[in-house]
Amino acid sequence: MKTKKMPKNLMLLIVLFFASLSFSQSKLKMEKPTVVDVVNTDIFTYLTSSEDHTTLVTALHAADLTETLSGSGPFTLFAPTNSAFKALPEGVLESLLKPENKDKLKAILTYHVLPGNFDARTIVNAISANDGEADFKTVNGASISGYVEGGTVILTNATGNDIKITKADISQSNGTIHIIDSVILPE
């Protein structure tokens, strides 16, 4: 029995196609979590074990959101680091943590949460499917937009400030955490 050989041009096209898929996925500069980061806990429990998120944990306590992020979800949390909170203008964080500003703090923190599980691939696919920019509705009802620049996913808040996802896809039992470099502020 004689078998047909695949034309060299077709074989080359197939190799180039799979190479381009691999390259386009590897262009994202978001750091992937290590095995240690993928812990089967809930989002809030993970944050309490992170030295980089003590300010966020304090804020979640002050806004009474600890049970929510410990709940069944699924949620996607854009988690600002301690240094992101330190970059806020002087006195803003201290003011937000006061009991009389609990509603304002809650509005800011729920602006960091998407209902549903949005891993990096889902976010990038949504951006790609919408001509390079996609809007994501947050738990507080407002939207944030996202785009990819230089292989990094950038979120834009209501005031036009850009926030970078610096570490993506920390999977938890009730959703996904993406580490960000700034606090996302609503209008």
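Leu-47 is buried, with a relative accessible area of 0%. This residue belongs to helix H2, which covers residues 43-48. The model is a predicted one. What does Leu-47 contact beyond its neighbours within four places in sequence? The partners are His-53, Leu-56, Val-57, Leu-60, Leu-77 and Ala-79. Leu-69 is 22 residues away from Leu-47 in sequence. In space, the two C-alpha atoms are 9.8 Å apart.

**The cores**

In soluble globular proteins, nonpolar side chains tend to be buried together. Here the largest nonpolar core has 27 residues. Leu-47 is among those with the most contacts inside this core, along with Leu-56, Leu-60, Leu-69, Leu-77 and Leu-109. Which elements give two or more residues to this core? They are H2, H3, strand S1 (75-80), helix H5 (82-86), H6, H7 and strand S7 (175-180). Another core lies apart from it and has 17 residues. Phe-136, Val-153, Ile-163 and Ala-168 are among the residues of that other core.

Leu-109 shows how the 27-residue core is joined. Not counting residues up to four places away in sequence, Leu-109 touches Leu-56, Ala-59, Leu-60, Ala-63 and Leu-65.

Helix H3 has the buried residues Thr-55, Leu-56, Val-57, Ala-59 and Leu-60. An α-helix has 3.6 residues a turn, so residues three or four places apart point the same way. The buried residues of H3 pack against H2, H4, S1, H5, H6 and H7.

**One salt bridge**

How many salt bridges does a search of the whole structure find? There is one. The side chains of Lys-102 and Asp-64 form this salt bridge, at 2.3 Å from N to O. Lys-102 lies in helix H7, while Asp-64 sits in the loop between helix H3 (54-62) and helix H4 (66-70), so the pair ties together parts that are 38 residues apart in sequence. Lys-102 is partly exposed, at 28% relative accessible area. Asp-64 is also partly exposed, with a value of 46%. Asp-64 follows H3 and has a positive phi, near 55°.

**One cavity**

Rolling a probe the size of a water molecule over the atoms shows where empty space is left. The structure holds one cavity of 30 Å³ or more. The volume of the largest cavity is about 40 Å³. Which residues line the largest cavity? They are Phe-85, Leu-88, Leu-93, Leu-96, Leu-105, Ile-108, Val-183 and Leu-185. The lining has eight nonpolar residues, no polar ones and no charged ones. Helix H6 (92-96) and helix H7 (102-110) each supply at least two of the lining residues.

**Backbone exceptions**

Most residues other than glycine have a negative phi, and most peptide bonds are trans. Asp-131 and Asp-169 each have a positive phi. The table sets out these two residues.

| Residue | Phi | Place | Relative accessible area |
|---|---|---|---|
| Asp-131 | about 55° | loop between helix H8 (120-129) and strand S3 (134-137) | 80%, exposed |
| Asp-169 | near 60° | strand S6 | 13%, buried |

Where is the cis peptide bond? This bond runs from Gly-73 to Pro-74, with omega near 5°. Pro-74 is found in the loop between H4 and S1.

**A strand residue**

Lys-164 lies in strand S6, which spans residues 162-172. Is Lys-164 buried, partly exposed or exposed? Lys-164 is partly exposed, with a relative accessible area of 43%. Leaving aside neighbours within four places in sequence, Lys-164 contacts Thr-152, Val-153, Ile-154, Ile-179, Ile-180 and Asp-181. His-178 is 14 residues from Lys-164 in sequence. Their C-alpha atoms are 9.8 Å apart in space.

**The whole protein**

The protein has eight helices and seven strands. Of its 187 residues, 40% are buried. Consider the contacts between residues at least 6 apart in sequence. Of these, 65% join residues at least 24 apart.

Terms used: Residues are numbered from 1 along each chain as its sequence is written. This is a predicted model: local features need pLDDT of at least 70, side-chain atom pairs count only at pLDDT 80 or more; totals for chains, interfaces and linings use all residues. Side-chain values use heavy atoms; hydrogens and water are left out. On a 1 Å grid over the protein atoms alone, a cavity is a set of points where a 1.4 Å probe fits but cannot get out, and a pocket is an open set with protein on both sides within 12 Å along at least five of seven lines; lining residues have an atom within 4 Å of a point. Grid points are joined across faces, edges and corners, and a volume is the space filled by probe spheres set on the points. Helices (H or I, at least four residues) and strands (E, at least two) are DSSP runs, numbered from the N terminus. Ala, Val, Leu, Ile, Met, Phe, Trp, Tyr, Cys and Pro count as nonpolar, Asp, Glu, Lys and Arg as charged, and the others, Gly among them, as polar. A salt bridge is a side-chain nitrogen of Lys or Arg within 4 Å of a carboxyl oxygen of Asp or Glu. Buried means under 20% relative accessible area, exposed over 50%, partly exposed in between (1.4 Å probe, protein chains only). Contact means heavy atoms within 4.5 Å. A nonpolar core is a set of buried Ala, Val, Leu, Ile, Met, Phe, Trp, Tyr and Cys residues joined through side-chain atoms within 4.5 Å.
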